[in-house]
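Colleague: Could you take a close look at one part of this model for me? I'd like to hear about a single strand and what sits around it.

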Amino acid sequence: MKLTREVDNRTILTDGGITTEVRDLKLNIEDLRVFRLSSYMDDRGYVRELWKNNYFPDARVEQVYFATCTKNVIKCWHFHSEHRDRLCVITGRVKLGLVDKRPGSAYFDKQDSLVIDANINPMIVEVPTMVYHGMMGLAEESIVLNIPTHVYDPADEHKAPADSIDFPWEIKNR
């Protein structure tokens, strides 16, 4: 059963009464969308849903690929002017860094950081256009699936040197 309800003037999609869009994260970047992924487990193992049309109702799936990220390696920075990445960690753990560099944005230079673990907090994150993003591997090897809104076009990938943005990649001991 698919339901919708209004929360803070935003429509929240639910499936079977479980909220799918993450609302409890304090995010700084406007239009950054995060959905928790549902898992169904029994004595044989589990099934995890990676994609539902109600996450992105107007979306078409045009390409799906994955990339690996090795522990303590930082892969960054880039943004896309045309397409949005939809990232999902399917094995391992990464720290996803995001920086809003959209001209005229009320959130210009705001940063967000999400630690995504494939087993503990599986989610899919849609990165808006013009938002720099990168990731650091926190497990020996992580696999990150991408379901972008368009087929990859090298002309739409705008890179910046890793040290060009001051971002807190280090893990803080608490």
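Modeller: One definition before the strand, as there are cysteines to deal with: a disulfide here is a pair of cysteine sulfur atoms within 2.5 Å. By that cut-off the structure, which is a predicted model, holds zero disulfides. Take C69: its sulfur is 9.9 Å from the closest cysteine sulfur, the one in C76, and that is too far for a bond. C69 is buried all the same, at 0% relative accessibility. C88 is another buried cysteine, with a relative accessible area of 1%.

C88 is a good way into the strand I'd pick, β9, which spans residues 85-91. Five of the seven residues in β9 are buried, so the strand is mostly covered. What does β9 pair with? One partner is β12, in the antiparallel sense, over four bridges. The other one to look at is β14 (residues 141-146), again antiparallel and joined to β9 by four bridges. C88 takes part in both pairings: I124 stands opposite C88 in β12, and L145 is the bridge partner of C88 in β14.

Now for the packing. In soluble globular proteins, nonpolar side chains tend to be buried together. Here the largest nonpolar core has 18 residues, and the members that touch the most others are L96, L98, I116 and V125. β9 supplies at least two residues of this core, and so does each of β10 (93-100), β11 (111-117), β12 (123-127) and β13 (131-137). There is another core apart from that one, with 10 residues, including W77, F79, V99 and Y132.

I116 is worth clicking on. Leaving out residues up to four places away in sequence, I116 touches V89, G92, R93, V94, L96, N121, M123 and V125.

Is there any empty space in there, and where? Rolling a probe the size of a water molecule over the atoms shows where empty space is left. Searching the whole structure turns up one cavity of 30 Å³ or more, and the largest cavity holds about 30 Å³ of space. Its lining is made up of L87, V89, V94, L96, I116, M135 and V144. The elements giving two or more residues to that lining are β9 and β10. I116 and L96, already named among the core members that touch the most others, are both on the cavity lining.

The largest pocket is another matter, with about 350 Å³ of space. It is lined by 17 residues, and Y65, K75, H78, M135 and E157 are the ones that lie nearest its centre. β9 turns up here too, as one of the elements giving two or more residues to the lining, together with β7 (65-70), β8 (74-80), β13, β14 and β15. β8 gives the most, five residues. M135 lines the largest cavity and also lies among the residues nearest the centre of the largest pocket.

One last stop is the loop between β14 and β15 (157-159), where D153 has its place. Is D153 buried or exposed? Neither: D153 counts as partly exposed, at 40% relative accessibility. D153 and E82 sit 71 residues apart in sequence, with a C-alpha to C-alpha distance of 9.4 Å.

Note on methods: Residues numbered from 1 in each chain as written. Predicted model: local features only at pLDDT ≥ 70, side-chain atom pairs only at ≥ 80, totals over all residues. Heavy atoms only, no water. Core = buried A, V, L, I, M, F, W, Y, C linked by side-chain atoms within 4.5 Å. Buried < 20%, exposed > 50% of the residue type's maximum accessible area, 1.4 Å probe, protein only. Contact = heavy atoms within 4.5 Å. Pairing = 2+ DSSP bridges. 1 Å grid on protein atoms, 1.4 Å probe; cavity = no way out; pocket = protein on both sides within 12 Å on 5 of 7 lines; lining within 4 Å. Points joined across faces, edges and corners; volume = space filled by probe spheres on them.
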